[in-house]
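Hi,

Here is the structure I promised to pass on. Have a look at it first, and my notes follow underneath.

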Amino acid sequence: KTTERRAADGVVTVAGLDVRELAQEFGTPAYILDEDDIRERCRAWKDAFAGSDVFYAGKAFLCRALVKWIAEEGLNLDVCSSGELAVALSAGMDPARIAFHGNNKSAADITRAIEAGVGRIIVDSYEEIARVAFAAERHGVVQKVLVRVTVGVEAHTHEFIATAHEDQKFGLSVADGKAAEAVRRILKLGSLELLGLHSHIGSQIFDTAGFEVSARRVVALLAAIRDEHGVQLPEIDLGGGLGIAYTSADDPKQPSDIARELVDIVKRECAAADLDVPRLSVEPGRAIAGPSTFTLYEVGTVKQLEGLRTYVSVDGGMSDNIRTALYDAEYAVSLVSRASDAEPMLSRVVGKHCESGDIVVRDAYLPADLGPGDLVAVPATGAYCRSMASNYNHITRPPVVAVKDGQARVVVRRETEDDLLRLDVG
Ligand code: LLP
């Protein structure tokens with residue numbers, strides 16, 4: 001789908017641009033984002049979920065240009081902090097199309113969201129219900145809310161990114177009755193309008209069985225609410241989480257497949273419970289932003305460790321991609337600035353940080369003649385890489401360069417040493 005091509009001389013182009021020229025103009029490391037790719041994915045989700053709502057999960061990656069693209073493509077936006085909300089608003093996103101998330105929103109976050117006029121707040125605790133109701137009342141508005149429920153699903157993904165089993169911080173449990181109690185409390189409050197229920201089971205999921213269980217339990221709770229209160233809530237949101245291919249071993253589903261499966265399950269369960277089918281929404285982050293971007297690095301030191309492997313150091317590392325160190329994530333990597341006939345050698349691509357866990361790609365085969373000045377690219381770094389980037393070791397964060405139709409433009413600029421020093425006011 002992307003506009004990447006490899007010419008006969010081995011040089012990769014993206015959107016018609018030679019990676020060597022991109023490196024020359026914008027420096028390395030750099031996140032190279034293919035605007036057409038991200039727009040196509042937005043369209044694919046929008047088309048697949050026609051009749052439902054798609055909220056792009058801004059935590060995967062957010063900047064003003066991206067907010068504009070997703071708004072133009074007809075998607076809504078999920079934000080999970082006042083900072084993400086600020087980016088969305090400054091890019092002119094219609095607040096009515098914003099959903100505000102978070103397990104520990106402060107009174108200030110809630111006031112900010114209500115003053116901005118966000119379309120929906122996903123409430124995550126009893127305290128928050130009271131806080132949102134209070135703030136809405138003070139501002140003389142009726143705030144639309146959904147309740148984040150925990151459905152007790154073990155999603156088969158890394159522990160830190162699974163979110164719907166019982167022993168974790170998010171949501172109100174269906175099993176112990178807290179979700180039903182939250183609904184009772186909200187229905188009594190005149191300043192809140194309960195739109196529905198929200199469930200997010202985790203991230204980088206390939207197996208849709210978890211979504212099926214989640215949909216079933218959410219619909220069962222809708223039926224229980226109808227039986228108890230005589231009201232049918234109009235919406236359910238089944239969250240994000242669809243996995244993407246990081247290496248050729250991954251075989252992700254298409255949005256159209258997941259849409260068909262989710263809509264079928266919801267319809268079937270509603271029919272069984274004699275409920276009207278609620279409006280469905282989903283919140284893909286990674287599946288939209290992830291595949292759109294690769295990180296371009298320049299190779300520096302190469303060390304061959306006899307009998308072990310070759311360590312290929314690049315000019316970035318865990319500060320621009322923490323996912324390998326944090327989740328044991330797997331990435332691919334390839335030489336993109338020339339062709340090579342040299343033997344493939346077992347390599348580990350590492351960064352420039354003072355830490356041996358600073359690994360970008362744990363195991364990869366790279367040509368034995370790789371050396372300083374070569375450019376390598378790590379694909380699928382559009383989600384949770386720039387957004388989780390740090391300044392560890394006072395390394396400046398790379399720019400995001402958007403490419404389209406032979407043109408490149410910086411949408412997030414590279415940090416400078418001045419940026420680093422600006423906050424240090426002691
Ligand atoms: N909705 C909610 C309520 C979420 O918590 C998340 C992700 C999403 C949607 C989007 O999920 P996605 O479609 O992107 O899987 N930093 C981790 C991922 C954390 C995901 C947190 N929540 C990583 O790098 O894998």
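Let me start with the annotation: an unreviewed UniProt entry lists Cys354 under "active site". Bear in mind that this is a predicted model. In the model, Cys354 sits in the loop that links strand 17 (344-350) and strand 18 (359-367). Is Cys354 buried or exposed? It counts as exposed, because Cys354 has 8 C-beta neighbours inside 10 Å, and the cut-off for exposed is 12 or fewer.

Now the overall layout. The chain splits into domain 1 (4-33 + 291-422) and domain 2 (35-289), so you will see that domain 1 is written as two segments. Taken over C-alpha atoms, the centres of domain 1 and domain 2 are 33 Å apart. Across the boundary, 21 residues of domain 1 are in contact with 21 residues of domain 2. On the domain 1 side of that contact, strand 20 (400-404) and strand 21 (407-412) are the elements that give two or more residues. Strand 20 provides the largest share there, with four residues. Sorted by class, this side of domain 1 has 15 nonpolar, three polar and three charged residues.

Next, the ligand. Where does it lie relative to the domains? It lies between domain 1 and domain 2, because both give residues to the shell around it. There are 22 residues around the ligand, and those that come nearest are Ala57, Ser203, Gly240, Gly285 and Tyr384. The elements with two or more residues in this shell are helix 10 (286-289) and helix 11 (323-327). By class, the shell is made up of nine nonpolar, eight polar and five charged residues.

Tyr384 deserves a second look, given its place among the residues that come nearest to the ligand. Its phi is near 60°, a positive value in a residue that is not glycine. Tyr384 is found in the loop between strand 19 (375-379) and strand 20, and strand 20 is also the element with the largest share of the domain 1 side that touches domain 2. Tyr384 counts as buried because 24 C-beta neighbours fall inside 10 Å.

Asp274 also has a positive phi, about 60°, without being a glycine. Its setting is the loop between helix 9 (255-273) and strand 13 (279-282). Which way does the burial go for Asp274, buried or exposed? Asp274 is exposed, since 8 other C-beta atoms lie within 10 Å.

One more backbone point: the peptide bond between Thr28 and Pro29 is cis, with omega at about -10°. Pro29 belongs to the loop between helix 1 (19-26) and strand 4 (30-34).

Ile322 is another loop residue, placed between strand 15 (309-314) and helix 11, and helix 11 is one of the elements that give two or more residues to the ligand shell. Ile322 counts as partly exposed because it has 19 C-beta neighbours inside 10 Å, while buried would take 20 or more. Leaving out neighbours within four places in sequence, Ile322 is in contact with Met388 and Ser390. Ile322 and Asp358 are 36 residues apart in sequence, with 8.2 Å between their C-alpha atoms.

Finally, the strands I looked at. Strands 1, 2 and 3 form an open sheet in the order 1-2-3, with antiparallel pairing. Its edges are strand 1 (4-6) and strand 3 (17-18), each of which pairs on one side only. Strand 1 is joined to strand 2 (residues 12-14) by three bridges, and Glu4 stands opposite Val14 in strand 2.

Elsewhere, strand 5 (residues 53-57) runs parallel to strand 6, and three bridges join the two. Tyr56 has Leu77 of strand 6 as its bridge partner. In a regular strand, side chains alternate between the two faces of the sheet. What do we find on the two faces of strand 6 (residues 76-79)? Both are covered: Asn76 and Asp78 on one side, and Leu77 and Val79 on the other, are all buried.

Best wishes

Definitions and conventions. Residues numbered from 1 in each chain as written. Predicted model: local features only at pLDDT ≥ 70, side-chain atom pairs only at ≥ 80, totals over all residues. UniProt positions renumbered as here; feature names shortened; annotations may be inferred. Near = placed C-beta within 6 Å. Nonpolar A, V, L, I, M, F, W, Y, C, P; charged D, E, K, R; others polar. Domains from an automatic or database assignment. Pairing = 2+ DSSP bridges. Contact = placed C-beta atoms within 7 Å.
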